[in-house]
Amino acid sequence: MNQLQEVLVDTKLSLLDAIKVLDESALQILLVVDESNTLLGTVTDGDIRRAILRGVILETPVVNAMNTSPITLEAGAGRDVAMSLMRNNSIHCVPVVDQSFRVVGLETETRLLWRDVEETTVVIMAGGLGMRLRPLTESVPKPMLQVNGTPMLEHIMSRLAEQGFRRFCLSVNYRSEIIKDYFGDGKSRGVDITYIEEEKPLGTGGALSLLPASNISERIIVMNGDLLTTLNFRQLLDFHDDQRGVATMAVRDYSIRVPYGVVQTDGEKFVDLVEKPAHSYFVNSGIYVVNSECLKFVPDDVFFDLPDLFKLLRKRDKRVIIFPVREEWVDIGSLRDYKLVNKKNVGVGEE
């Protein structure tokens, strides 16, 4: 029995039995229907409790407690309509009905969010030469360097897969055969992996010009293959949606402390002296969300970094936003960084 069938009930069901069905179902709602599956009403735990407060006994048929004017979703309505309907009405699920008001489905907020994540394309830039990590990268691409016995790229993909992401696209160039041989098509890991081959370095943005025009999601996560983080990427997507941006750059707070007392002046006059002040900035974390509509601004076959796309979008008055990363994050740009992550497990989390 599927989840929908579990919550379809007839008018004769008692409130006592309705409570049992609600307790056994994870959907927190019953759909009261007639013999042709026409929706007559809905029943939630709250409806039953209100009926009890009115003095309705538990042996009473469920119709005495049901909401006879439930919010419904028209069959064929898109994800955005469904999400908007649920958020505007503070509900987590909604029956889907056809033109005759027959129940054809039940949409839940959780399922929509999960499905959306599964369908999101994640592009990981794994084609760099890794010059700053020589000699370690003389025979191995940087994303395949091991952190505590596991390739860096596998740490990244495992974390994303744990959060429900299934569609990966790896941009490869230097020693690409090592990456492709190791990960293959991803089936053994329960994910789908495709590759885009850079014949020459195209930068973090230029590689996006090689993405197929079809079969990519409306929103694309792009990240560098040489960083480790415990970031919740689902929260990043939610933030991107809530802020209605066309592109979101994840940023990290970075502070620099001046090692001296800084003198504040007004011309030749002394004003004050501040001992060793710290200045904080947001720095690019190398993680982005980009709507697919933005890809038309990426030039073909030329070196083009993703921050250049953000600058271009900003000039065109597109809504470009930032997302602060508060979780562990480390960009492995040097041998010192690499030794640090292996020593302290930074950005790997509990795996």
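Buried means a relative accessible area under 20%, exposed means over 50%, and partly exposed lies in between (1.4 Å probe, protein chains only). This is a predicted model: local features need pLDDT of at least 70, side-chain atom pairs count only at pLDDT 80 or more, and totals for chains, interfaces and linings use all residues. Residues are numbered from 1 along each chain as its sequence is written, and side-chain values use heavy atoms, with hydrogens and water left out.

Q: Which residues of helix H3 are buried?
A: Helices (H or I, at least four residues) and strands (E, at least two) are DSSP runs, numbered from the N terminus. Helix H3 spans residues 45-53. Its buried residues are Asp47, Ile48 and Ala51.

Q: What arc around the axis do the buried residues of H3 cover?
A: The arc is taken over the directions from the helix axis to the C-beta atoms. The buried residues sit on the same side of H3, because their arc is only 95°.

Q: Which residues are exposed on the other side of H3?
A: An α-helix has 3.6 residues a turn, so residues three or four places apart point the same way. Opposite the buried side of H3, the exposed residues are Arg49 and Leu53.

Q: Which helix and which strand are among what covers the buried residues of H3?
A: Contact here means heavy atoms within 4.5 Å. The cover includes residues 15-24 and residues 39-43. These are, in turn, helix H2 and strand S3.

Q: What phi does Gly55 take?
A: Gly55 comes just after H3. Its phi is positive, at about 95°.

Q: How many salt bridges are counted?
A: A salt bridge is a side-chain nitrogen of Lys or Arg within 4 Å of a carboxyl oxygen of Asp or Glu. By this rule, the count is eleven.

Q: How far apart are the closest N and O atoms of Asp45 and Arg49?
A: The two residues are four apart in helix H3, about one helical turn. Asp45 is partly exposed at 39% relative accessibility, and Arg49 is exposed at 53%. They form a salt bridge, with closest N and O atoms separated by 2.5 Å.

Q: Which residue forms a salt bridge with Asp98?
A: Asp98 is partly exposed, with a relative accessible area of 22%. Its partner is partly exposed too, at 36%. The closest N and O atoms are 3.2 Å apart, and the partner is Arg102.

Q: Is Glu327, in its salt bridge with Arg326, buried or exposed?
A: The closest N and O atoms of this pair are 3.7 Å apart. Arg326 is exposed, with a relative accessible area of 66%. Glu327 has 11% relative accessibility, so Glu327 counts as buried.
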